Amino acid sequence: MASFQTPDYSHLTQQDYENVYEPAEDTFLLMDALEQDIDNIHQLKPSVCVEIGCGSGLVITFLAKILNNSAMYIATDRNAIAAECAKRTASQNQVVVEVVTSDLLQALQPQLNGGIDLLLFNPPYVVTPSEEVDSSSIASSWAGGIDGRQVIDRLLPQIPQLLSHKGIFYLLVLRENKPDEIRKAMANMGFQSEKVLQRKTGPEHLSIIKFYRDPDR
């Protein structure tokens, strides 16, 4: 399997990271999962790829690079500073990504409904007090509230209407997010799932789960 280079993000500064989530172990795990699953992604031949909560833009830029810019790439972040950083990251790496400031995908619905072939989400997953979830500070990039699930649980019911018939959804989760419960909820909405990659980084047990429609449903 070919090994792909991490996109260049040397243009981002410590000042940027005061307001935008700095690429960390979770970021690199999601990129590693995409690289590991590249053969399946190529078979999918995605036309529309979307990342929710793109932060620095490293992951969606990586996806565009490994797919040779062969699709439409869209990224959202509720943080306008992060959206600007993501635009710069795409430009730095000579890929085209449409970046939109939006809470989840609200700014792009209903236009994108049923049209997303590949969806990525590295959510705010850390277990925190609920009030931190909507913080105006950088804490909102990792604060997941109760069970670290408050933002994840807002998105999950939207997945059936967002994905195309062949669409796949990669979700990064922490063990404390109760991944089996998430997979069961998605199964009840007609999705099969598999764990693509997992890694222990310090105290965190992280996994990437891939969801796709159950052909028998």
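Okay, one definition before we start: when I say polar contact, I mean a pair of N or O atoms within 3.5 Å, where, inside the protein, one has to be able to donate a hydrogen and the other to accept it. Keep in mind that what you're looking at is a predicted model.

With that, let's go to N177. The side chain of N177 reaches the backbone oxygen of Y125 at 3.0 Å. So where does N177 sit? In the loop between β5 and α8, and α8 covers 179-188. N177 comes out as buried, because its relative accessible area is 0% and the cut-off for buried is under 20%. If you leave aside the neighbours within four places in sequence, N177 is in contact with Y125, D147, G148, R149, I152 and I182.

K178 is in that loop between β5 and α8 as well. K178 has a positive phi, about 60 degrees, although it isn't a glycine. And K178 is partly exposed, with a relative accessible area of 39%.

Next asparagine: N122. You'll find N122 in the loop between β4, residues 116-121, and α6, residues 150-155. Is N122 buried or exposed? Buried, with a relative accessible area of 14%. The side chain of N122 makes a polar contact with the side chain of D26, at 3.2 Å. Not counting residues up to four places away in sequence, N122 touches D26, T27, L30, I52, G53 and L172.

Now the strand just mentioned, β4. Six of the six residues of β4 are buried, so the strand is largely enclosed by the rest of the structure. Which strands does β4 pair with? One is β1, residues 48-52, running parallel to β4 and joined to it by four bridges. If you want a register marker there, V50 has L119 as its bridge partner in β4. The other is β5, residues 163-174, also parallel to β4, with five bridges between them. In that pairing, I116 stands opposite L163 in β5.

Let's zoom out to the sheet. It's an open sheet of seven strands, in the order β3-β2-β1-β4-β5-β7-β6, and the pairing is mixed. Why do β3 and β6 each have one side without a neighbour in the sheet? Because they stand at the edges, each with a single partner strand; β3 is residues 98-101, by the way. From one strand to the next, the twist averages 15 degrees.

At the β6 end, β6 (residues 191-201) and β7 (residues 204-213) pair in the antiparallel sense, over ten bridges. Those two strands form a hairpin with two residues between them, and G202 in the turn has a positive phi of about 60 degrees. For the register, E194 is partnered with K210 in β7, and Q198 stands opposite S207 in β7.

On to the helices. Helix α2, residues 25-36, lies across β4, β5, β6 and β7, and runs at about 130 degrees to β6. Helix α2 also packs against helix α4, residues 58-66, at an angle of about 20 degrees, with the axes 10 Å apart. Angles under 35 degrees count as roughly parallel, so α2 and α4 are roughly parallel to each other. The contact is made by T27, F28, L30, M31, L34 and E35 of α2, with L58, V59, F62, L63 and I66 on the α4 side. The crossing of α2 past α4 is right-handed.

How much of α4 is covered? Most of it: eight of its nine residues are buried. Those are L58, V59, I60, T61, F62, L63, A64 and I66. The covering for those buried residues includes α2, α3, β1, β2, α5 and β4. Just after α4, N68 takes a positive phi of about 55 degrees.

Last bit: a couple of backbone things to look at in the loops. There's a cis peptide bond joining Q109 and P110, with omega at about 10 degrees. P110 is in the loop between β3 and β4. And then there's Q94, in the loop between α5 and β3. Q94 isn't a glycine either, yet it has a positive phi of about 55 degrees. Q94 is exposed, with a relative accessible area of 64%.

That's my tour. Questions?

Notes: Residues are numbered from 1 along each chain as its sequence is written. This is a predicted model: local features need pLDDT of at least 70, side-chain atom pairs count only at pLDDT 80 or more; totals for chains, interfaces and linings use all residues. Side-chain values use heavy atoms; hydrogens and water are left out. Buried means under 20% relative accessible area, exposed over 50%, partly exposed in between (1.4 Å probe, protein chains only). Contact means heavy atoms within 4.5 Å. Two strands pair if DSSP finds at least two bridges between them. Axes are lines fitted to C-alpha atoms, for helices over the stretch in contact, and angles run from 0 to 180 degrees between N-to-C directions. Angles under 35 degrees count as roughly parallel, over 145 as roughly antiparallel, 65 to 115 as roughly perpendicular and the rest as oblique. A crossing is left-handed if the near helix is turned anticlockwise from the far one by less than a right angle, and right-handed if clockwise.
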